[in-house]
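Take a moment with the sequence and the 3D view below. The paragraphs after it walk through the model one feature at a time.

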Amino acid sequence: MSSRSLLTLIIAALLCVAIGIGTLLPTGALPAAPGSDKMQHFGAFALVAALITLLRAGWIVPVALILMVYGGLIELIQPYVGRSREFGDFIAGSLGVLAGSVSALLVHQLASRLIRRRSDAAPAEAPIR
């Protein structure tokens with residue numbers, strides 16, 4: 001496994017743990033975060049999906065599916081920890097995954113094109129005599 005893949009997995013795991021803590025602790029255990037509950041779900045999942053996609057664009061489909069399943073599992077578990085299960089939270093998280101993944105993929109493709117253009121436009125060096 002490459003160091004970039006390992007770094008990606010570590011970042012993903014840490015962010016997923018943070019999401020798990022934020023969504024599974026009893027209400028009031030953490031300080032209130034700005035924005036609505038749905039925007040928090042959207043933003044958290046968009047961030048994770050975007051970071052992973054920027055680091056590993058080829059992982060976009062499995063990562064999106066895994067993150068959506070993770071969001072669904074969180075909603076299924078929440079009633080057992082004193083929180084409420086809301087289908088809207090699952091939808092918000094899933095939309096965040098899609099938005100983060102697609103946005104990061106577009107940025108990745110744009111950056112790749114710019115890098116290719118620069119390398120194509122660079123003047124060839126004269127051979128050393």
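Start with a charged pair: Asp-89 and Lys-38 form a salt bridge, with their closest N and O atoms 2.8 Å apart. The term salt bridge stands for a side-chain nitrogen of Lys or Arg within 4 Å of a carboxyl oxygen of Asp or Glu. Asp-89 lies in helix H4 and Lys-38 in helix H2, so this pair ties together parts that are 51 residues apart in sequence. Helices here are DSSP runs (H or I, at least four residues), numbered from the N terminus.

A word on the source: this is a predicted model, where local features need pLDDT of at least 70 and side-chain atom pairs count only at pLDDT 80 or more, while totals for chains, interfaces and linings use all residues. Residues are numbered from 1 along each chain as its sequence is written, and side-chain values use heavy atoms, with hydrogens and water left out.

Is Asp-89 buried or exposed? Asp-89 counts as buried, because its relative accessibility is 3%. The cut-offs are these: buried means under 20% relative accessible area, exposed means over 50%, and partly exposed is in between (1.4 Å probe, protein chains only).

How many salt bridges are there? The count comes to three. Lys-38 also meets Glu-86, at 2.5 Å from N to O. Lys-38 sits in helix H2 (residues 37-55) and Glu-86 in the loop between H3 and H4, so the pair ties together parts that are 48 residues apart in sequence. A salt bridge of 3.5 Å, N to O, joins the side chains of Lys-38 and Asp-37. Together, Asp-37, Lys-38, Glu-86 and Asp-89 are linked in a network. Lys-38 is partly exposed, at 30% relative accessible area. Asp-37 is partly exposed at 29%. Glu-86 is partly exposed too, at 29%.

Now follow helix H2. The 19 residues of H2 should span 27 Å at 1.5 Å a residue, and the end C-alpha atoms are 28 Å apart, which agrees. The expected span is 1.5 Å times one less than the number of residues. Which residues of H2 are buried? They are His-41, Phe-45, Ala-46, Val-48, Ala-49, Ala-50, Ile-52 and Thr-53. Their cover includes helix H1 (3-24), H3 and H4.

Helix H1 offers a residue to look at: Thr-23. Thr-23 is buried, with a relative accessible area of 9%. Leaving aside residues up to four places away in sequence, Thr-23 touches His-41, Ile-74, Gln-78 and Arg-83. Contact here means heavy atoms within 4.5 Å.

Next comes empty space. Rolling a probe the size of a water molecule over the atoms shows where such space is left. A search of the whole structure finds one cavity of 30 Å³ or more. The largest cavity has a volume of about 40 Å³. On a 1 Å grid over the protein atoms alone, a cavity is a set of points where a 1.4 Å probe fits but cannot get out, and lining residues have an atom within 4 Å of a point. Grid points are joined across faces, edges and corners, and the volume is the space filled by probe spheres set on the points.

What lines the largest cavity? The lining is His-41, Phe-45, Leu-67, Met-68, Gly-71, Asp-89, Phe-90, Gly-93 and Ser-94. H2, H3 and H4 each supply at least two of these residues. H4 gives the largest share, four residues.

Phe-90, from that lining, also belongs to an aromatic pair. The structure holds two aromatic pairs. The ring centres of Phe-87 and Phe-90 are 5.9 Å apart and the planes are at 35°, so this pair is tilted. Rings of Phe, Tyr and Trp (its six-membered ring) pair if their centres lie within 6.5 Å; planes under 30 degrees apart count as stacked, over 60 as edge-to-face and the rest as tilted. Phe-87 and Phe-90 are three residues apart in helix H4 (residues 87-121), so about one helical turn separates them. Phe-87 is exposed, at 63% relative accessibility. Phe-90 is partly exposed, at 26%.

End at helix H3 (residues 60-77), the place of Leu-65. Leu-65 counts as exposed, at 53% relative accessibility. The C-alpha atoms of Leu-65 and Ser-119 are separated by 35 Å, with their positions 54 residues apart along the chain.

How values were computed: Helix = DSSP H or I, 4+ residues; strand = E, 2+ residues; numbered from the N terminus. 1 Å grid on protein atoms, 1.4 Å probe; cavity = no way out; pocket = protein on both sides within 12 Å on 5 of 7 lines; lining within 4 Å.
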